[in-house]
Amino acid sequence: MRHRLFRGGVHPDGGKELTRDKAITPVAPGGIHVFPLGQHIGAPCLPLVEKGQEVLRGQLIASPPEGKLGVSIHSSVSGKVRAIEVRPIVGGRALSIVVESDGQAREVDFDERPRWEELSREEILPIVSGSGIVGLGGACFPTSVKLSPPPDAPIDTVILNGAECEPYLTCDDRVMREHAEDIVNGTKLLRRIFPDARVVVGLEENKPEAMEALRKAYDAASLGEVEVKGLPVMYPQGSEKQLIYAVTGRAVPSGKLPCAVGCLVQNVATVRNMYLAVAKGRPLMDRVVTVTGEAVAQPGNYLVPLGTLVADLLEAIGGFREQPGKVIAGGPMMGFALTRLDVPVVKGTSGLVAQLRSATLVEPEQDCIRCGRCVEVCPMGLEPYRLNRLALLEDYDAFVDEGGMDCIECGSCSYTCPSMRYLVQSLREAKRTAGARRRK
Ligand code: SF4
Ligand code: SF4
């Protein structure tokens, strides 16, 4: 079959063989759990608990300010609130609720909804929002908001994103293989919200078992036609705009959202958690994290209570085989190198990758030789070497004029640059500064 492929892209080393056959294993380290109040795109939540208060697993501990974009936060452990204070998180510091686990995982009574398949759109959306569900692919956009596109942008195609194109990560692959029925049930909810839309699950062809599991589960369900579509293995296939193009041939215009071309994209694990929230009454408390890399003693896919400190998680699974040169939160292409390990696993933590020192030796940046490779691989059609120059000159007006804000920070340009230019790092920084100036 001929495949439609977005422009550009790269083939970074997979590293998926370390964990792709490792079944999801629950881990529950004790001790301190840290819940940053801003784990989603939108306004930080307001705490609903006080220092010294006892909490249960599944208890609502923070909610977004009235009328602001955001989703709730629930405790993933039972225990006592030790503090509400600023704590280190990935990429900075944030006001957080600190809960010390009592190790007993005492839960609130979750309200199951036996007639969940009959719920209306108006009933489903508040449950999804109140259950703290965000895009689990890493974007952390509130799911209920994404499921409410403006009335003048009707959705005709719902795409479930199972591409997982980041090297090393296999958490979505495992969720699709082990929880295909939950994803099908989540799809039923999407059908209640968008009854006339075509549904496509897009995943790279390097996940044949996941494809098989989903096809079987959809065939067994009375759900109308759902296409499980294999896509070429090419990074960044899982990026929204690239996935939409691969599935529908539609190009999302610069500065627009997928709904501008009638599409809605949801990560497969997000769809599964929608089902758990709506049918089982279980808010988002845990997530599957791929903990991997050549420096990890026991690479695998672990079901981790949110708020668990990275250091505690690593210790619970056997620690390092060898002292790592770098630990990355997320994947090696789009993730953030950690400067400390006492940061929590949050809703957007899809992976932790610990690389050996030999793999992380940083070559010094060389002058750009105008080879054009970064332009060839940029999936957004940008000229990264020019944007890099404008970023270094702090010429933010020109940076925006040249399309810099369209950069999806995929890192393909840095990956391919023979001069080891710090392209994506400079572009990310420039986007942040230009965005802040625009808001001012
Ligand atoms: S400029 Fe941005 S979108 Fe283009 S390759 Fe570099 S990081 Fe990716
Ligand atoms: S790939 Fe590197 S050296 Fe080549 S044009 Fe781009 S920035 Fe310059």
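**Exercises on a sheet and two ligand shells**

In this predicted model, three bridges join strand β13 (residues 286-292) to strand β17 (residues 351-356), and the two run parallel.

**Exercise 1.** Place β13 and β17 in their sheet, and find which strands stand at the edges.

Solution.
- Start from one pair of residues: Val291 has Leu352 of β17 as its bridge partner.
- Next, write out the strand order of the open sheet, β1-β14-β13-β17-β15-β16, which has six strands and mixed pairing.
- Then look at the ends of that order. β1 (24-26) and β16 (336-337) each have a single partner strand, so one side of each has no neighbour in the sheet.
- Last, add the helix: α3 (residues 171-178) packs on the sheet and touches β1, β13, β14 (300-305) and β17. The direction of α3 makes about 125 degrees with that of β13.

**Exercise 2.** Describe the shell around ligand 1: which residues come nearest, and which helix gives the most?

Solution.
- The shell has 16 residues, and Cys378, Cys407, Cys410, Ser412 and Cys413 come nearest.
- Helices α12 (412-416) and α13 (423-439) each supply at least two residues.
- Of the helices, α13 gives the most, with three residues.
- By class, the shell divides into 13 nonpolar, two polar and one charged.

**Exercise 3.** Do the same for ligand 2: which residues come nearest, and how many of the shell are charged?

Solution.
- Around ligand 2 there are 14 residues, with Cys368, Cys371, Cys374, Tyr385 and Cys417 nearest.
- α9 (373-377) and α10 (384-392) each supply at least two residues of this shell.
- Sorting the shell of ligand 2 by class gives nine nonpolar, two polar and three charged residues.

Technical notes:
Residues are numbered from 1 along each chain as its sequence is written. Chains are lettered from A and ligands numbered from 1 in the order in which they are written. This is a predicted model: local features need pLDDT of at least 70, side-chain atom pairs count only at pLDDT 80 or more; totals for chains, interfaces and linings use all residues. Two strands pair if DSSP finds at least two bridges between them. Helices (H or I, at least four residues) and strands (E, at least two) are DSSP runs, numbered from the N terminus. Two residues are in contact if their C-beta atoms, placed from the backbone, lie within 7 Å. Axes are lines fitted to C-alpha atoms, for helices over the stretch in contact, and angles run from 0 to 180 degrees between N-to-C directions. A residue is near a molecule or strand if its C-beta atom, placed from the backbone, lies within 6 Å of it. Ala, Val, Leu, Ile, Met, Phe, Trp, Tyr, Cys and Pro count as nonpolar, Asp, Glu, Lys and Arg as charged, and the others, Gly among them, as polar.
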